[in-house]
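Me: Please take a close look at one part of this model, the surroundings of the bound ligand, and then go on to the metal site.

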Amino acid sequence: MSDCIFCKIAAGEIPSKKAYEDETVMAFYDLEPQAPVHVLVIPKAHMQSAASVTPENSAVVAHIFEVIARLAQELGLKEGFRVVTNSGVSAGQSVPHLHFHLLGGRDFTWPPG
Ligand code: 5GP
Ligand code: ZN
């Protein structure tokens with residue numbers, strides 16, 4: 001999608017601080033970190049949100065979780081971490097390109113706000 005900021009980050013048209021990249025997935029540090037470690041993990045191909053996952057495109061989501069496990073280890077999140085995806089306006093999704101927040105380095109409360 002030509003006007004999508006995360007598509008532009010995936011294409012290298014908008015700079016980002018990269019944490020991981022391969023053919024289908026990219027991870028980069030959030031501009032406004034909500035924890036000592038706050039990385040966003042995205043499919044390079046545009047998908048709007050978790051509501052857009054289908055049997056045809058779900059393989060990349062499984063791959064994203066492999067990347068998350070690897071990043072959590074590499075980034076030293078031994079005590080635990082949180083993975084969040086906001087889907088849609090009431091959940092607070094502000095960028096309409098599927099992304100998973102990997103948050104760590106502090107304690108988190110439950111339930112979330
Ligand atoms: P959402 O609110 O959709 O769940 O998460 C979007 C996230 O993207 C926010 O945490 C926001 O700080 C981050 N973000 C928005 N624009 C950019 C950007 O251009 N670069 C980076 N690195 N993060 C961004
Ligand atoms: Zn996009």
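Reply: Around ligand 1 there are 16 residues (each with a heavy atom within 4 Å of it), and the closest are Tyr 29, Asp 30, Asn 86, Ser 94 and His 101. The model is predicted, with local features needing pLDDT of at least 70 and side-chain atom pairs pLDDT 80 or more, while totals for chains, interfaces and linings use all residues. Residues are numbered from 1 along each chain as its sequence is written, chains are lettered from A and ligands numbered from 1 in the order in which they are written, and side-chain values use heavy atoms, leaving out hydrogens and water.

The side chain of His 101 places an N or O atom 2.8 Å from an oxygen atom of ligand 1. For the side chain of His 99, the distance from an N or O atom to an oxygen atom of the ligand is 2.9 Å. Leu 31 has a backbone N or O atom 3.3 Å from a nitrogen atom of ligand 1. Of the 520 Å² of accessible area (Shrake-Rupley method, 1.4 Å probe) that ligand 1 has on its own, the protein covers 84%.

The zinc ion (ligand 2) is held by donors (N, O and S atoms within 2.8 Å of the metal, or 3.2 Å for Na, K and Ca) from Cys 4 (SG), Cys 7 (SG), His 46 (ND1) and His 97 (ND1), at 2.1 to 2.3 Å. Their angles of 104 to 117° make the arrangement tetrahedral (four donors, all angles between 85 and 135 degrees). Along the chain, the donor spacing is C-x2-C-x38-H-x50-H.

Key: Tetrahedral: all angles 85-135°; square planar, octahedral: opposite > 155°, others 65-115°. Polar contact = N/O pair within 3.5 Å; in protein donor to acceptor, adjacent residues only side chain to side chain.
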